[in-house]
Structure formats: C-alpha cells, structure tokens
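Here is a walk through one chain, taken a piece at a time. Keep the model open and turn it as you read.

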Amino acid sequence: MTFRAPKGTDDILPPVSRTWRRLLLTWEDWAARYGYELVLTPLFEATEVFARGTGEGTEVVQKQMYTFEDKGGRSLTLRPEGTPSVVRAFLEAGADGILKAAYWGPMFRYERPQAGRRRQFYQIDVEYLGSREAAADAEVIELGYRYLIDASVPGLSVQINSIGDRECRPAYLEVLKEYLESRRDVLCDDSLLRLTTNPMRVLDCKICAPKLSDAPSPVDYLCDACTTHYGEVRSILRELGVPFEATPRLVRGLDYYERTAFEYVATDLKAAQNAVGGGGRYDGLAELLGGRPVPGVGFALGLDRIVLTLGDVEEPNPLDLYIIVTAGRRREALRFTSELRRSGIRADLDVESRSVKAQFRAADRRGAAGALVIGDEWSEGRVVAKDLASGHQEIIRIEEVEAWTRRL
RNA sequence: GUGACCGUAGCUCAGUUUGGUUAGAGCGCCGGGUUGUGGUCCCGGAGGUCGCGGGUUCGAAGCCCGUCGGUCACCCCA
C-alpha cells in the first residue's frame with residue numbers, strides 16, 4: 001500500500017456507501033416536500049467570507065481553516081461550513097423575497113480526528129432566508145426532526161433555546177461577566193480565557209458548567225421582542241407535534257447566531273460527539289458580510305454522525321435479475337440486459353465470461369431475486385428463469401421475462 | 001493544540017511474556033468437485049517489505065529510539 005487517504009478523511013465505499021445513498025435519497029425527498037430548492041455554492045470562498053461571517057472570535061476561524069493562496073495571490077479557504085456561502089450568493093445575486101435553500105456536501109476543518117469528527121466531513125444543510133417569522137424557525141426545526149426520525153436516528157432529542165439578539169444580549173453579557181468574575185476561583189484555564197473572548201461559551205464547558213448551576217441564563221434576560229419570538233417558536237412546534245426540550249444552557253459556537261438556537265442530539269450514541277445537527281437564527285449575518293439586512297434561519301446535520309448512530313447494519317444493493325451468460329451468447333445477453341434495464345428492471349451480469357457455476361454464485365451473493373440463463377433456448381425465443389429464493393426453475397418465453405420478474 | 005492506547009494477509013485477530021531457522025488461523029476472494037445451475041459440504045489457490053527509518057544483536061514481527069498512521073478522550077463542533 002503506497003498511498004492512504006489524508007489524515008481525517010474517509011473513503012466511503014460499499015457496503016457503507018449504500019447507507020449514505022439511502023440517506024441522501026430520503027433527504028432529497030424531505031427537502032422537496034417542504035419546498036426547499038437546490039443551491040450549490042463553491043467549496044472554497046475568499047477567506048474573508050468566513051473570517052467575517054463565521055466570526056473572527058470562533059475556534060473554527062482561528063484554528064481550523066484550510067486557507068491557501070492561489071496563483072493569483074488571493075487568499076482562499078475551503079468552506080468550514082455552508083451558511084456564509086449561501087448568504088453571500090443571495091446577496092451577490094441581488095435576490096430579494098424568500099429563498100428556501102437545501103444542499104449537502106463536504107466541509108473542511110483542521111482538527112484532531114476522533115469518532116464523529118473528521119477533517120473532511122459531510123453536512124446536510126438548510127437555509128431559510130428572508131423571513132423573521134417564528135414560523136420559519138419552526139418549519140426549519142421540524143424539517144430536520146422529521147428527516148432524522150425517518151433516517152431512524154436512535155434516541156433523538158431536539159433541544160432549543162433563545163440566546164437573545166443585538167438588543168438584549170449586551171445587557172445579559174454584562175450580568176454574565178459579573179457573575180463569572182465572582183466565580184473566577186472555580187473556572188478552568190480555558191474558561192478564564194473565554195471570559196473575555198466569548199463568555200457565553202463558559203456555560204458550555206464540561207468542567208465548569210456543573211459548578212455554575214446558579215449562573216444567569218440568556219432566556220431570563222431576553223427583550224420583549226425576543227421573548228415573544230421564542231414563545232411563538234415553541235408554541236408552533238407544539239402545534240406541529242415536534243417534541244423538544246427547552247435547554248436554557250444551550251449555546252452555539254458560531255458568532256452569528258441570535259434568538260433561536262437548537263441542536264439535534266443522539267442521546268443513545270456513546271461517542272462524545274453526539275450532536276447530530278444544530279442550527280439557529282442569524283439575522284445579522286448578511287450585514288456582517290457587508291450586505292443589506294437579510295434575516296435567516298437554518299441548520300446543519302452531520303451526515304457522518306448520522307451514519308455513526310445507525311451502527312453497523314449492512315444494507316443490500318437491490319437487484320431484481322442476474323443474467324447468466326453462456327458460451328456463444330455473450331452479445332445476446334448484453335443486448336437483452338440492456339433492454340431489461342431500460343424497462344425499469346434492476347439487472348446485472350458478469351462480463352468476465354466465467355463459468356455458469358461462478359455466475360450463479362455471484363447472483364446469490366448479490367442477493368438477486370431471480371437468475372436468467374441466456375443459452376441454447378435463446379434460438380427458440382426462450383430462456384431459463386430461476387427463482388433464487390425457492391430454487392424453482394422454468395423455461396419461459398423472452399416476452400414473458402418482464403412479467404415473470406415482477407412476480408418475484 | 002494536549003493526553004492515553006494501538007499498528008502482523010482485503011477484514012478480525014494469534015504469534016511478542018522467556019529475541020532463534022520456512023510468520024499462522026478464521027472470514028472474505030478466486031478456482032475445482034457438476035465441461036448449463038447458487039446458498040451447505042469437501043479440495044485447492046492467490047494474497048504479507050510483520051506501518052516506515054535507524055539502532056542493539058551471531059540472529060528482530062518481538063528489545064531501544066525516532067517517525068508516520070489509526071483509535072479514543074480533552075478541546076471544538078455537524
């Protein structure tokens with residue numbers, strides 16, 4: 001073995017890739033049902049898009065970006081997340097009104113790999129741009145929930161919170177800082193640093209949080225507008241039948257979030273990285289990128305993590321018919337297989353001219369429902385058709401093959 | 001960025017304790033047993049620079065150092 005995939009990246013091959021394919025197909029279905037349209041943006045952007053969008057203060061921007069200079073001297077960065085790109089694209093297109101965007105693809109962050117944390121990882125994303133309404137928040141949260149349930153993620157819990165907006169957060173931060181100053185003695189080194197850079201994140205610290213149970217929560221300092229918004233989001237979610245847990249200590253790691261913040265947690269997952277998705281409202285992001293105000297709310301789901309929660313169940317590569325080629329009938333077999341495929345039957349064959357025995361074995365391993373022998377009977381317009389589950393075999397006319405297959 | 005554990009066949013692992021001659025098993029893969037018939041069974045085959053580099057030694061998969069990689073946790077987040 002000479003080359004390996006770079007550290008923290010994965011090759012996704014069968015049979016595991018079958019699960020990925022299924023997850024992506026069902027995702028396309030759910031996105032379409034909720035009226036979200038495909039939006040594709042570049043995998044890299046001007047570094048500034050993330051520096052200003054994702055936020056200079058975030059760990060992601062400070063330590064985790066794959067940044068490089070191209071031959072024209074531009075500083076570019078492989079996207080560590082998708083939201084700033086979509087907002088940038090919306091602004092660049094001069095779009096107005098509402099855009100409901102759905103997409104999926106690889107994201108890149110330079111980190112030490114572990115279970116559920118890769119350097120190239122895959123997200124399923126949704127952005128609802130152009131509305132400040134709580135109904136938009138609720139719809140986005142509902143869509144993610146319905147999809148994850150359909151994907152059968154075990155032990156799913158939806159946790160939501162409101163972290164205030166530009167009106168009320170500054171006052172809350174003052175109160176929080178004051179409180180944290182008074183508890184300096186119990187804070188860990190990291191939290192002492194965060195006290196000045198991003199005090200809300202201290203509430204997220206695994207070491208300190210248990211000792212700070214009496215810390216002020218953002219929800220208790222919301223302005224009237226935020227309180228109303230948060231109340232509406234919750235009441236609509238109840239109306240829609242989406243179970244959730246109000247989690248006052250939930251805080252997000254990206255700077256642009258305000259008001260609604262939420263996470264999808266796979267509580268059954270033993271790995272430390274059990275947040276299978278997360279998101280929130282980002283009404284200020286467009287302005288951070290130098291554009292006009294465009295409100296928005298969205299989520300990102302970690303595909304790799306979803307797959308992780310599903311365990312090692314192997315999915316089949318469904319096949320209706322395996323075509324068995326005998327000596328001298330190769331051309332006929334190729335042509336007939338093509339006809340079957342065009343009529344909607346999942347058919348495959350062996351191009352290696354191996355023994356009939358080997359081909360039957362292959363048919364069995366592929367889990368094909370039936371096998372067809374293209375042999376001497378072909379000259380009379382007939383083929384041997386074998387039901388591989390029962391072992392029953394008969395000679396049928398070529399025109400009957402399609403109907404015979406559908407009965408299997 | 002910090003720490004712990006681990007690298008032997010495609011996969012899962014034995015062999016390292018006490019260095020000793022040709023490095024093993026199961027599964028998987030390919031072929032034969034039926035020159036047109038799968039799953040079970042029997043037989044055979046392919047496949048390994050023992051992660052890589054250096055050192056100690058008459059001799060290293062095994063001991064020492066380094067390095068790369070993997071896994072998990074911290075941190076961070078999807």
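In the hairpin of β15 and β16, which residue takes a positive phi? It's G391, with a phi near 90°, in a hairpin that has five residues between its strands. Before going further, bear in mind that this is a predicted model. Confidence holds up well along the chain: the mean pLDDT of chain A is 92, and 100% of its residues reach 70 or more. Among the elements, helix α5 (residues 134-150) has the highest mean pLDDT, at 98, while helix α7 (residues 189-197) has the lowest, at 78.

Back to that hairpin. Strand β15 covers residues 382-387 and strand β16 covers residues 393-397, and the two pair in the antiparallel sense over five bridges. If you want a spot to start tracing the ladder, R382 stands opposite R397 in β16.

Now zoom out to the sheet the hairpin belongs to. Five strands make up this open sheet, and reading across you get β13-β12-β14-β15-β16, with mixed pairing. β13 (347-349) and β16 each have a single partner strand, so they stand at the edges and one side of each is left without a neighbour in the sheet. On average, neighbouring strands here are turned by 30° against each other, direction ignored. For a parallel part of the mix, look at strand β12 (residues 321-325) and strand β14 (residues 370-374), which pair in the parallel sense over five bridges. There, L321 stands opposite G370 in β14.

Two helices lie across strands of this sheet. Helix α11 (residues 330-342) lies across β12, β13 and β14, and runs at about 160° to β13. Helix α12 (residues 356-365) lies across β12, β14 and β15, running at about 170° to β12.

There's also an open sheet of three strands, ordered β2-β4-β3 and paired in the antiparallel sense. Its edge strands are β2 (44-46) and β3 (66-69), each pairing on one side only. Neighbouring strands in this sheet are turned by 35° against each other on average, again with direction ignored. β3 and strand β4 (residues 75-78) pair over four bridges, antiparallel, and T67 has T77 in β4 as its bridge partner.

Next, a helix pair. How do α5 and α8 cross? Their axes come within 8 Å and cross at roughly 45°, with helix α8 spanning residues 224-240. An angle over 35 but under 65 degrees is neither roughly parallel nor roughly perpendicular, and α5 and α8 are therefore oblique to each other. As for the hand, α5 passes α8 in a right-handed crossing. On the α5 side, the contact is made by A134, A135, D137, A138, I141, E142 and R146, which meet H229, E232, V233, I236, L237 and L240 in α8. By type, the residues of this contact divide into eight nonpolar, one polar and four charged.

Finally, a couple of backbone details to click on. Where is the cis peptide bond? The bond from P14 to P15 is cis, with omega near 5°, and P15 is found in the segment before α1 (16-33). The other stop is S152, which has a positive phi of about 60° although it is not a glycine. You'll find S152 in the loop between α5 and β7 (156-162).

Key:
Residues numbered from 1 in each chain as written. Chains lettered and ligands numbered in written order. Predicted model: local features only at pLDDT ≥ 70, side-chain atom pairs only at ≥ 80, totals over all residues. Heavy atoms only, no water. pLDDT = per-residue confidence, 0-100. Pairing = 2+ DSSP bridges. Axes fitted to C-alpha atoms, helices over the stretch in contact; angles between N-to-C directions. Parallel < 35°, antiparallel > 145°, perpendicular 65-115°, else oblique. Left-handed = near helix turned anticlockwise from the far one by under 90°. Contact = heavy atoms within 4.5 Å. Nonpolar A, V, L, I, M, F, W, Y, C, P; charged D, E, K, R; others polar.
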